[in-house]
Amino acid sequence: DPSVVRGLAYYTGTVFEGFDRSGNLRAICGGGRYDKLLGTFGGADLPCCGFGFGDAVIVELLKEKNILPSPGHQVDDLVFAVDA
């Protein structure tokens, strides 16, 4: 869909969003091309493409399809740092 506009200014080319087949949920993932992103952090410009997705939509999709796993809620170990 050429009318897709992602809300991040670092995209320099094609952007995309992925949806479930039924179209009931908001975008599951989104991404695009960002050729100058590394340069904004002091590196050399490098043509790149990437995507990201959040867990909320994935969980809703798995629930809708009745395939959300229910992991056990058991803690075997607990590790934490203590400042001496």
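1. Let's start with Ser22, whose side chain makes a polar contact of 3.1 Å with the side chain of Asn24. A second polar contact, at 2.4 Å, ties the Ser22 side chain to that of Asp20. Ser22 belongs to the loop running between E1 and E2, and its relative accessibility of 43% puts it in the partly exposed class. Bear in mind throughout that this is a predicted model.

2. Asp20 deserves a paragraph of its own. Like Ser22, Asp20 sits in a loop, the one linking strand E1 (15–18) with strand E2 (29–33). Asp20 is buried but takes part in no salt bridge. Which side chain of opposite charge is nearest to Asp20? That would be Lys65, 5.8 Å away. The cut-off for a salt bridge is 4 Å between a Lys or Arg side-chain nitrogen and a carboxyl oxygen, so the 5.8 Å to Lys65 does not qualify.

3. What Asp20 does have is other company. Its side chain gets to the backbone nitrogen of Leu25 at 3.4 Å, on top of the 2.4 Å side-chain contact with Ser22 already mentioned. Setting aside residues within four places in sequence, the contacts of Asp20 are Leu25, Ile28, Leu61 and Glu64. Two of those partners, Leu61 and Glu64, fall within the residue range of helix H1, 55–64.

4. Now the salt bridges. In general, side chains of opposite charge can pair when their charged atoms come close. How many salt bridges does the count give? It comes to 2. One joins the side chains of Asp35 and Arg33, with 2.9 Å from N to O. Arg33 is partly exposed, at a relative accessible area of 38%.

5. The other bridge is between Lys63 and Glu60, at 3.8 Å from N to O; that falls within the 4 Å limit, so it counts. Both residues are in helix H1 (residues 55–64), 3 residues apart, or about one turn of the helix. Are these two buried or exposed? Neither label fits: Lys63 is partly exposed with a relative accessible area of 45%, and Glu60 is partly exposed too, at 41%.

6. On to the rings. The structure has 4 aromatic pairs. Phe51 and Phe53 make one of them, a stacked pair with centres 6.3 Å apart and 15° between the planes. The pair counts as stacked because planes under 30 degrees apart are classed that way. Phe51 is exposed at 56% relative accessibility, and Phe53 is exposed with a relative accessible area of 54%. Both values are over the 50% that marks a residue as exposed, so that is the label each one gets. Elsewhere, Tyr10, Tyr11 and Tyr34 come together in one aromatic cluster.

7. Between those two phenylalanines in the numbering is Gly52, part of strand E3 (residues 49–53). Gly52 is partly exposed, with a relative accessible area of 36%. Which residues does Gly52 touch, once those up to four places away in sequence are left out? They are Cys29 and Gly30, and both numbers lie in the range of strand E2 (29–33). As for Leu38, it is 14 residues from Gly52 in sequence, and the C-alpha to C-alpha separation is 17 Å.

8. Asn66 is one to look at if you check backbone angles. Its phi is near 55°, a positive value in a residue other than glycine. Asn66 belongs to the segment after H1, and at 71% relative accessibility it counts as exposed.

9. Finally, the overall picture. The protein has 1 helix and 3 strands, in the order β-β-β-α from the N terminus. Its radius of gyration is 19 Å, well over the 12 Å from the globule rule for 84 residues, so the protein is more spread out than a compact globule. The C-alpha trace spans about 50 × 45 × 15 Å along its principal axes. Buried residues account for 18% of the 84 residues, and Asp20 is one of them. Of the contacts between residues at least 6 apart in sequence, 29% link residues at least 24 apart.

Technical notes. Residues are numbered from 1 along each chain as its sequence is written. This is a predicted model: local features need pLDDT of at least 70, side-chain atom pairs count only at pLDDT 80 or more; totals for chains, interfaces and linings use all residues. Side-chain values use heavy atoms; hydrogens and water are left out. Rings of Phe, Tyr and Trp (its six-membered ring) pair if their centres lie within 6.5 Å; planes under 30 degrees apart count as stacked, over 60 as edge-to-face and the rest as tilted. Buried means under 20% relative accessible area, exposed over 50%, partly exposed in between (1.4 Å probe, protein chains only). Helices (H or I, at least four residues) and strands (E, at least two) are DSSP runs, numbered from the N terminus. Lys and Arg count as positive and Asp and Glu as negative; His and the chain ends are not counted. A polar contact is a pair of N or O atoms within 3.5 Å; within protein, one must be able to donate a hydrogen and the other to accept it, and residues adjacent in sequence count only if both atoms are side-chain atoms. Contact means heavy atoms within 4.5 Å. The radius of gyration is taken over C-alpha atoms; the globule rule is 2.2 Å times the number of residues to the power 0.38.
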